[in-house]
Amino acid sequence: MGHRPVFICHPGFSGVFTEYGFGEYQLGDDTSAPATDWNDFIERHQDAFRQSPFDQLQSYVGPTWDAIVDTAIRVEEPLRQLVARLKPDVIVLDNVVMFPAIANAGVPWVRVVSCAETEIPDPLMPPYLSGCSETPGEEWERFSARYREVTASAHRRFSAFLGQSGLRPPPTSVFLEPSPYLNLLLAPKIIRRKRRNVLDEELFVFLDGCVRHEAPYVSPRFASHNEAPLALISFGSLGAMDVAMIKRMIETFSKLPYRFLINAGHWRDDYRDVPDNVFIDDWFPQPSVVEQASLFIHHGGNNSFCEALYFGTPSIIMPYCWDGHDNARRAEETGVGLHLDRYGWSENELASAITSLMDDAAMRARLKDNAISMQKAAGVKRAAEAILKVATTMPSTGLSVKA
Amino acid sequence: MTPEPKRTNFRHVELAQKILDVAGERGMAPGERLAEQALASLCNVSRTPIRKALQILAERELVTADAEGGYLLAVDPAAIARLEDTAEGDGESEIYAAILRDLAAGRIAESQTVAALQRRYEVSRQTVQNAFVKLAEENLAERGSGQQWLLKHFAISGDAAAKSYEFRLATEPLALTLPEFKRDIPAMTALRQSMLILRGMNETNFDRKLFDRTDYDFHLLIARSCGNPFMAETLTNHHRRRRASPPAGHVNAFRLMQSNLEHIQILEQIERGQMELAADLMRVHIQLSQSQRPRLAGRGVPPAFKLVVR
């Protein structure tokens with residue numbers, strides 16, 4: 001399309017974009033900082049992941065916002081220098097926090113709302129990360145009040161930081177306001193929520209999914225059930241740390257007449273005595289696998305959820321943090337999948353959840369129809385066109401940056 | 001699983017592949033006659049196995065029977081992928097592949113007996129034994145004490161790819177700079193033709209199987225040409241084992257296209273006799289091939305998070 005996209009990323013994402021042929025710039029990691037104690041990290045968070053969304057506010061959400069604000073402050077100077085060097089025409093911000101270097105870059109910036117639609121609040125919508133139902137109730141206010149409390153110190157530091165950079169502080173509990181130029185949302189129609197304050201269609205573009213294209217995936221040969229329907233299990237690279245829970249799931253899988261692909265991330269070699277109808281790997285080209293799968297069991301990450309909808313695959317969502325809770329609830333409310341508690345399930349409950357979705361012809365048909373319209377909407381192209389439209393309103397140097 | 005081994009065995013498939021390699025190196029074009037006697041002496045075997053191998057090629061429509069007897073080449077040998085030798089119903093190859101798949105997938109343990117695998121796959125004793133022999137030839141199994149066979153899990157574990165790159169980084173550039181390195185010009189020319197065909201492809205039509213063949217042939221050629229029999233043997237065994245193992249991870253077409261260009265560059269420097277430069281390019285090539293995909297990334301994961309701590 002005539003522009004050159006380059007990516008600025010955290011070193012933790014190094015290599016993701018170059019593998020697809022894009023330029024990639026990392027924001028320097030502070031190597032002098034002590035390495036985090038791995039065992040402690042797992043222990044701390046595995047406990048937090050067992051809690052309700054409300055209890056996680058204290059144990060996970062608050063500390064995570066603290067960490068995000070720390071990162072934003074730490075990368076400000078290198079980011080400012082890098083943006084000055086790259087001289088982009090437009091900056092696409094796919095993050096949950098504002099970086100003053102972007103707001104002050106002197107070029108338009110586009111916000112990608114990378115989480116569930118609840119990230120852009122509305123009086124008719126349950127609070128972000130709450131996993132609450134769409135029916136307003138006391139729990140909405142209770143959650144919001146607690147959210148304000150646990151994010152207060154991070155928000156104070158963040159507001160002061162923005163103030164030092166000449167920006168006005170954001171409203172309470174908000175770390176990233178909508179872009180005055182363009183905001184892109186993934187949420188497809190089938191799961192979209194009602195709003196009292198209707199979003200300006202020029203400023204808020206719903207993409208109806210935005211799924212990357214991967215090379216076709218050739219399913220491995222299993223030791224049995226090679227003709228059976230396929231299920232993909234992926235909880236993201238972080239969720240894969242839950243080895244004991246996944247091993248429990250595998251016991252159930254071994255008794256079901258389906259094939260199961262499991263993304264075990266870094267822990268692939270922790271699995272022994274794998275059943276004949278199960279295949280474990282450390283990475284899958286997810287969109288291509290979801291396309292072939294009859295069922296996708298995931299953590300409710302927004303990309304996973306959108307990929308399932310884009311290919312018409314029913315979801316069982318077993319969330320453990322962040323907007324996974326919102327997506328799990330929304331999947332049930334809109335009849336595109338099931339919400340299963342991540343830990344509190346019996347073998348029978350997991351087996352019947354899987355079987356019921358495998359056998360639900362009506363849901364499958366509805367999802368397939370929806371998939372056709374999502375694919376027609378061509379979200380990737382639409383996003384690129386919308387971004388370029390913003391870019392061309394400014395003098396062009398032929399570069400766009402995604403941060 | 002069918003317990004009956006078919007007549008076609010992997011040695012005939014290997015020979016069929018060799019015939020295609022010879023045809024490629026001699027620059028043969030579609031329509032040219034494949035003379036049994038000449039092939040027999042080039043491949044150093046008698047005419048009977050050559051006939052068997054030609055039949056396999058005919059079944060796969062890579063050669064056609066000539067009205068006057070014998071066979072004609074039906075394809076450009078530079079443009080086709082390596083022959084698959086794990087055809088359905090081919091007892092020992094099928095079991096060989098199943099053992100490797102199950103070992104890589106964590107379904108079977110490293111220590112095995114013929115009897116145990118006979119029960120698992122419901123095949124004859126001989127079939128399992130032949131599969132073990134083939135695995136041993138590829139350095140993927142060795143005899144243990146008593147009835148035991150030890151499968152080499154390290155060669156196909158999750159870390160195998162990273163360890164393999166580490167090993168190759170230490171050895172392949174060195175192989176290129178050994179004093180008695182001998183260039184095999186016909187093989188290099190044939191290989192270059194295949195690489196140029198790949199260079200003409202794009203991300204959507206990229207032929208992964210043809211790439212796999214050129215990748216294997218290219219690295220094997222360097223091993224064979226290095227002029228030191230110990231190094232040649234070590235590298236050859238390593239590449240053979242690499243090829244025999246189930247693929248580790250998923251590499252997208254963009255990277256494979258880059259990798260093909262790197263192969264061409266290295267080949268050009270070998271042709272020019274610039275062996276130090278070829279070795280430097282090889283170092284770069286191997287390092288670029290190591291996947292840099294992050295193994296853990298997520299919100300709340302601290303920046304100084306080090307997986308090695310585990």
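This report walks through a predicted model with chains A and B, from whole chains down to single residues.

**Chain B in outline**

Let's start with chain B. Its secondary structure adds up to twelve helices and six strands. Of its 310 residues, 30% count as buried. What about the contacts between residues at least 6 apart in sequence? In chain B, 69% of those join residues that are at least 24 apart.

The domain assignment cuts chain B into domain 1 (10-79), domain 2 (91-154) and domain 3 (160-289). If you take the centres over C-alpha atoms, domain 1 and domain 3 of chain B are 25 Å apart. Four residues from domain 1 and seven residues from domain 3 make up the contact between these two. On the domain 1 side, that works out as two nonpolar residues, one polar and one charged.

**A sheet with a helix on it**

Now for some strands. In chain B, three strands make an open sheet with the order β1-β3-β2, and the pairing is antiparallel. Why do β1 (33-34) and β2 (63-65) of chain B each have one side without a neighbour in the sheet? Both stand at the edges, and each has a single partner strand, so one side stays free of sheet neighbours. Helix α3(B) packs on this sheet and touches β1, β2 and β3 of chain B, with its direction at about 105 degrees to that of β2(B). Zooming in, β1(B) pairs with strand β3 (residues 71-73) of chain B over two bridges, in the antiparallel sense. Arg33(B) has Leu72(B) as its bridge partner in β3(B).

Helix α3 spans residues 47-59 of chain B, and Glu59(B) sits in it. Is Glu59(B) buried or exposed? Glu59(B) counts as exposed because it has 12 C-beta neighbours inside 10 Å. Here's a distance to try in the viewer: the C-alpha atoms of Glu59(B) and Ser157(B) are 35 Å apart, with their positions 98 residues apart along the chain.

**The strands around β6**

Another spot to look at in chain B is strand β6 (residues 148-151). Trp149(B) and Leu151(B) are on its covered face, while Gln148(B) and Leu150(B) are on the uncovered one. Strand β4 (residues 111-113) of chain B is joined to β6(B) by three bridges and runs antiparallel to it. Across from Trp149(B) in β6(B) you'll find Gln112(B). Strand β5 (residues 141-143) of chain B also runs antiparallel to β6(B), joined by three bridges. Here Glu142(B) has Leu150(B) as its bridge partner in β6(B). Together, β5(B) and β6(B) form a hairpin with four residues in between, and Gly146(B) in the turn has a positive phi of about 60 degrees.

**Two residues with a positive phi**

Most residues other than glycine have a negative phi. Which way do Lys87(A) and Asn139(B) go? Lys87(A) has a positive phi and is not a glycine, and that goes for Asn139(B) too.

| Residue | Phi | Loop |
|---|---|---|
| Lys87(A) | about 45 degrees | between α2 and β3 (90-93) of chain A |
| Asn139(B) | about 65 degrees | between α6 (125-137) and β5 of chain B |

Lys87(A) counts as partly exposed because it has 13 C-beta neighbours inside 10 Å. Asn139(B), with 14 such neighbours inside 10 Å, also counts as partly exposed.

**Chain A and its domains**

Over in chain A, the assignment gives domain 1 (4-211 + 378-402) and domain 2 (230-377). Their centres, taken over C-alpha atoms, are 25 Å apart. How many residues meet there? 26 residues of domain 1 of chain A are in contact with 27 residues of domain 2 of chain A. On the domain 1 side, α1 (38-49), α2 and α12 (379-391) of chain A each supply at least two residues. That side divides into 13 nonpolar residues, nine polar and four charged.

**Nonpolar cores**

In soluble globular proteins, nonpolar side chains tend to be buried together. The largest nonpolar core in this model has 126 residues, and those with the most contacts inside it are Val110(A), Ala231(A), Ile316(A) and Ile99(B). Helix α2 (residues 53-86) of chain A gives the largest share of this core, ten residues. Beyond its neighbours within four places in sequence, Ala231(A) is in contact with several residues, including Tyr258(A), Phe260(A) and Ile354(A). A second, separate core has 24 residues, among them Ala190(B), Leu235(B), Ala253(B) and Met282(B).

Definitions and conventions. Residues are numbered from 1 along each chain as its sequence is written. Chains are lettered from A and ligands numbered from 1 in the order in which they are written. This is a predicted model: local features need pLDDT of at least 70, side-chain atom pairs count only at pLDDT 80 or more; totals for chains, interfaces and linings use all residues. A residue is buried if 20 or more other C-beta atoms lie within 10 Å of its own, exposed if 12 or fewer, and partly exposed in between; C-beta atoms are placed from the backbone. Two strands pair if DSSP finds at least two bridges between them. Axes are lines fitted to C-alpha atoms, for helices over the stretch in contact, and angles run from 0 to 180 degrees between N-to-C directions. Domain bounds come from an automatic or database domain assignment. Ala, Val, Leu, Ile, Met, Phe, Trp, Tyr, Cys and Pro count as nonpolar, Asp, Glu, Lys and Arg as charged, and the others, Gly among them, as polar. A nonpolar core is a set of buried Ala, Val, Leu, Ile, Met, Phe, Trp, Tyr and Cys residues joined through C-beta atoms within 7 Å.
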